[in-house]
Amino acid sequence: MKIVAVGPTAGVGVVVPFDFALDRELWRWVPEDAALHVTRTPAVPAPVTADMARAISEAGAVRRATRDVLEPGPGVVAYACTSGSFVDGAAGEAALTRVIREAGAPAALTTSGALVEGMRAVGATRVAVVTPYVDDLTRLLEEFLSAHGIETVHSVGLGLLGRIWEVGGDEVVAAVRAADRPDADAVFVSCTNLATYDVIASLERELGKPVLTANQVTMWAALRAIGRQAVGPGQALVDGRGTAVGAPVLAPGAGEPASLPDGGLVFGSGLVVGVGPVRFPEAGFGPGSADERSAAGGVPVLHNVRVRLPDESGALARLTDAVARAGGNILGLAVHGQDSRSVVDEMVVGSRLTTEQLAAAIRGAVGAHDPGAVLVTPADPHDLVDGPTRALDLAMQASGGPADLARGLASLVHADDAGWQPDEPAPHPHVLSVPAPGGGHLVATREWAPFTVTEAARAQAFLRAAEPTMPRWDIVLLSGDELVATPATGGEVAAAEELLCECLAGDAAPAASWTDEDLRALLGEALLVRDGAGRLVALGGSVEGEIVLLVHPDFRGLRLGRWLRRRLTARSPLAV
């Protein structure tokens with residue numbers, strides 16, 4: 001079993017205002033190998049105006065909060081407040097960044113500084129703005145953007161003086177639609193206390209342009225500063241990929257690559273020239289390469305999704321909602337019992353996202369911080385067949401013998417490998433063992449995910465269904481003896497050894513030269529013949545392509561060996 005070592009976790013320190021209520025939203029952009037360390041500035045009981053913005057970004061308060069959050073050793077400290085970082089203009093934002101750096105932060109940024117960086121990344125110079133603020137504060141944001149060469153073509157302010165975190169997603173969507181203009185290269189939604197994660201991707205698909213938000217740009221820039229990629233499937237800023245100057249890029253729908261001019265970038269499937277606007281096709285957007293686009297922004301592909309969740313009311317609803325928000329289409333669903341506290345939900349999902357993007361979206365939505373709690377792997381159309389039907393189909397295919405049983409079991413439970421063993425293995429979450437017909441155990445192993453109790457029950461039902469279909473031949477000899485022939489299961493080594501000794505009676509040396517491993521190889525696709533008492537009286541198999549027959553001395557001369565040879569030399573050794 002491969003053991004995966006877990007490396008050190010990179011940290012992001014975040015300084016937020018006293019009334020910040022969206023810690024959970026920040027975490028949704030954070031990948032598994034990064035952590036957040038959040039602290040707050042002192043309370044300022046005042047309405048949300050320019051005066052309050054200056055109070056919550058006062059140098060002394062920010063300096064103390066920065067020193068507090070440095071204890072866990074983050075690689076960057078971000079001041080996560082839009083108004084507090086733009087209220088005194090470009091010079092004020094630069095001064096606030098210096099305060100954080102001088103307090104000891106290895107790297108520093110603010111939400112407004114990250115906004116400018118994000119606008120440049122998507123090539124936007126004309127922007128529509130949505131804020132929850134009163135008009136005076138919204139106007140200061142427009143002036144800040146103008147100082148950085150970004151024109152505000154239209155703005156919508158909600159005029160709120162407090163409790164901004166209570167604004168719902170529908171209100172945000174309506175405000176963005178009202179603010180957008182055809183000549184806007186992008187839309188920006190201001191304020192880190194405004195929840196936006198769940199509306200960004202759908203708005204971008206609807207408007208055909210990037211939608212940047214305060215929390216998004218903050219986490220995107222902070223994670224970049226420590227060498228990590230933010231998690232935000234379908235979000236242009238997060239999914240965007242920079243392409244080296246002059247690198248060939250396959251344009252959407254084109255058959256020939258187009259070279260980028262100086263400064264060119266590709267974000268999703270749109271071509272950005274210099275700092276010109278990004279335009280996205282209606283079908284959506286994904287990474288820049290053609291292979292990635294086929295999975296992430298083109299034809300939907302099938303994924304197997306396995307998620308371990310607490311066994312509680314509403315858990316499945318949260319999961320299916322997360323898949324829907326990521327643009328996935330659930331085509332199959334099964335619930336596996338895991339233990340007394342958790343279940344494993346298994347789905348077949350059609351999605352334009354890559355496996356990594358879909359896994360990250362689900363982790364962020366259901367709050368799964370254990371990497372093994374969410375597993376997404378490629379699926380094939382056979383996985384769309386429901387479990388009971390698939391088990392019956394595999395059971396019918398397994399009528400050929402134990403080797404077919406092992407292959408069927410591996411297919412049923414998506415095992416890495418399956419085979420027969422004489423003894424039951426020690427219990428292990430990644431090993432599934434079921435008694436084999438005729439003795440021994442069929443053992444499946446799977447490294448990528450532990451087996452569930454539901455899969456164990458399926459395996460047992462599969463073998464019960466397959467057992468009656470195992471071939472059986474009733475033989476009546478010339479002597480009148482009635483015998484029964486069946487395929488070997490691999491667990492008859494002791495009986496085969498006894499038969500071998502009977503056949504070689506009086507000549508111990510050849511019998512001793514046969515090892516248990518040799519006998520197992522002989523039993524691999526062998527036919528066994530037993531008498532009415534169940535005693536093994538004949539065996540026919542092959543070793544390295546040569547047919548080997550063992551017939552008990554009491555049953556020689558009765559054409560039993562000829563019958564075995566005819567069966568073994570047929571097109572399928574175990575054909576009925």
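**Exercise 1. Is Glu 117 buried, partly exposed or exposed, and what is the relative accessible area of Glu 117?**

Solution. Before starting, note that this is a predicted model, in which local features need pLDDT of at least 70 and side-chain atom pairs count only at pLDDT 80 or more, while totals for chains, interfaces and linings use all residues. Residues are numbered from 1 along each chain as its sequence is written, and side-chain values use heavy atoms, with hydrogens and water left out.

Step 1: the classes are buried for under 20% relative accessible area, exposed for over 50%, and partly exposed in between, with a 1.4 Å probe and protein chains only. Step 2: Glu 117 has a relative accessible area of 31%, and therefore Glu 117 is partly exposed. Step 3: the side chain of Glu 117 meets that of Arg 224 in a salt bridge, at 3.1 Å from N to O, where a salt bridge is a side-chain nitrogen of Lys or Arg within 4 Å of a carboxyl oxygen of Asp or Glu. Step 4: the pair links distant parts of the chain, since Glu 117 belongs to helix H6 (residues 111–121) and Arg 224 to helix H10 (residues 214–225), 107 residues apart. Helices (H or I, at least four residues) and strands (E, at least two) are DSSP runs, numbered from the N terminus. Step 5: Arg 224 is partly exposed as well, because its relative accessibility is 46%.

**Exercise 2. Describe the salt bridge of Arg 40, giving the partner, the distance and the exposure of each residue.**

Solution. Step 1: by the rule above, the count comes to 15 salt bridges. Step 2: one of them joins Arg 40 to Asp 23, with the closest N and O atoms 2.7 Å apart. Step 3: this pair links distant parts of the chain, with Arg 40 in strand E2 (residues 34–40) and Asp 23 in helix H1 (residues 23–28), 17 residues apart. Step 4: Arg 40, at a relative accessible area of 33%, is partly exposed, and Asp 23, at 26%, is partly exposed too.

**Exercise 3. Follow the salt bridge of Arg 306 and find the network to which it belongs.**

Solution. Step 1: Arg 306 forms a salt bridge with Glu 346, and the closest N and O atoms of this pair are 3.3 Å apart. Step 2: Arg 306 lies in strand E13 (residues 301–310) and Glu 346 in strand E15 (residues 342–351), so parts that are 40 residues apart in sequence are tied together. Step 3: Arg 306 counts as buried because its relative accessibility is 5%, and Glu 346 is buried with a relative accessible area of 11%. Step 4: salt bridges that share partners join Arg 306, Glu 346, Arg 446 and Glu 455 into one network.

**Exercise 4. Find how the rings of Trp 473 and Trp 563 are arranged.**

Solution. Step 1: rings of Phe, Tyr and Trp (its six-membered ring) pair if their centres lie within 6.5 Å, and planes under 30 degrees apart count as stacked, over 60 as edge-to-face and the rest as tilted. Step 2: a search of the whole structure finds three aromatic pairs. Step 3: the ring centres of Trp 473 and Trp 563 are 6.1 Å apart and the planes stand at 75 degrees, so this pair is edge-to-face. Step 4: because Trp 473 lies in strand E20 (residues 473–476) and Trp 563 in helix H21 (residues 560–568), the pair ties together parts that are 90 residues apart in sequence. Step 5: Trp 473 and Trp 563 are both buried.

**Exercise 5. Locate two residues with positive phi and state the exposure of each.**

Solution. Step 1: His 414, a residue other than glycine, has a positive phi near 55 degrees, and its place is in the loop between helix H16 (402–412) and strand E17 (417–421). Step 2: at 24% relative accessibility, His 414 counts as partly exposed. Step 3: Arg 559, again a residue other than glycine, has a positive phi near 65 degrees, and Arg 559 is found in the loop between strand E24 (546–551) and H21. Step 4: Arg 559 is exposed, because its relative accessible area is 54%.
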